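User: Could you take a close look at one part of this model for me, the spot where a charge meets a ring, and follow the contacts outward from there?

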Amino acid sequence: MSVTDNATNFDVREIRRAFPGLRPDLARFDGPGGSLVPEVVADAVAGALRVGLCQRGGPSAPGLLTDEITLGARAAMARFLGVDDRRGIVFGRSMTALTFDIARTLAAQWGPGDEVVVSRLDHDANIRPWITAAEHAGATVRWLDFDPVTTEPDDVRSLLSDRTRLVALTAASNLFGTRPDVAAVSRAAREVGALMYVDAVHLAAHAPVDLTAMGADLLVCSPYKFFGPHLGVLAADPALLERLHPDKLLPSSDAVPERFELGTLPYELLAGVRAAVEFAEQCDMAAVEAHEQQLLTRLLDGLGDMAAVTVHGRAGRRTPTVLLTVDGLTPVQASHRLHEAGIVAPAGSFYALEAARHSAAGEQGGVRVGISAYTDDEEIDRLLAALGALSAT
Ligand SMILES: Cc1ncc(COP(=O)(O)O)c(C=O)c1O
């Protein structure tokens, strides 16, 4: 499939043909909750199930195939995240589960007087595990706030000290789309000797991700947000993973990264991960970003004319994810009305509870409109027409 070579010949019609879940009567703006899956990914998962896999290792053909699937998925994710060595890729049940696990492991080395920094811009999965771990260790939590209008985070430096052990920050807000300057925060964290933990779950669907360029020590994402199956990935320099000792079963491998992977991996899903990465590579994430940003401009221009619609968050650099509210309607009502018009755009705060509370949207959040690689101009126009009709009533 030659989906695209660069941003100039990105062919959204061809991309759309790859997704069996797309229907002409339903415009899907729910990608931030999980993208649709291309046929090749579904085939890879089904193919792995059909072939009769078994546990990794051993001399049998199925064992070798399971090995190949696992190592292939690690190599694919390493490429996708800009990690040099596939031993730096850990698979887990979800980003949330991986973060709770790694937080517990890291916090075993923390004590009273140590500090961790979490941000109000983040999904709760990059907040609560750190608060819980800090509480158990007797460490102190410091909050990085953000401007409620621009949704840009404050300067982190005032929160850092030589007792800061870790800074946790999102690479992109799943509520407002804000893309903080993660590289600058990482540099500041490094200066005080703190680890940088980056949540790239939302960003990974919308732009190339590079762990090294971001200065992240640990980075997490979830393939189901970028065309893949439901599981989580943690990436790090293997040398860092070697220094950490998670809870594990006695007979299970103590090698890196296996020592972080509890129980048997979902091998069929790993086959899907590799296919998802290969699909993203064929699309070219830089071309996806350019396509989506063009649609975002079309959407924001159209919304600018609607006095009854409020767009929350005006970040300079952002993903094409827009939180909006409509005068006279609760977010849930607005979402239902959009659904009646053939548009899927869910309502809520999407576990970015602190972010919603800290913004004018408040705890109930808003309608979240997520543009994906497979979104086209016609769907944006349909959405604008439906929102125009809603705000006129
Ligand atoms: C920004 C962000 N971080 C973390 C998560 C949690 O990911 P998972 O479902 O893999 O635990 C999500 C899920 O929506 C998210 O959007």
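Analyst: Sure, let's start with R120: its charged end sits over the ring of W143, 4.3 Å from the ring centre. Here "over a ring" means NZ of Lys or CZ of Arg within 6 Å of the ring centre and within 35 degrees of the ring normal. Bear in mind that this is a predicted model, where local features need pLDDT of at least 70, side-chain atom pairs count only at pLDDT 80 or more, and totals for chains, interfaces and linings use all residues. Residues are numbered from 1 along each chain as its sequence is written, and side-chain values use heavy atoms, with hydrogens and water left out.

Now for the salt bridges (a side-chain nitrogen of Lys or Arg within 4 Å of a carboxyl oxygen of Asp or Glu). R128 pairs with E354 this way, with 3.7 Å between the closest N and O atoms. Because R128 lies in helix α5 and E354 in helix α12 (residues 353-358), the bridge ties together parts 226 residues apart in sequence; helices are DSSP runs of H or I, at least four residues, and strands are runs of E, at least two, numbered from the N terminus. R128 is partly exposed at 31% relative accessible area, while E354 is buried at 12%. The cut-offs: buried is under 20%, exposed over 50%, partly exposed in between, using a 1.4 Å probe and protein chains only.

And back to R120: shared salt-bridge partners join R120, D124, R128, D145, E354, R357 and E363 into one network.
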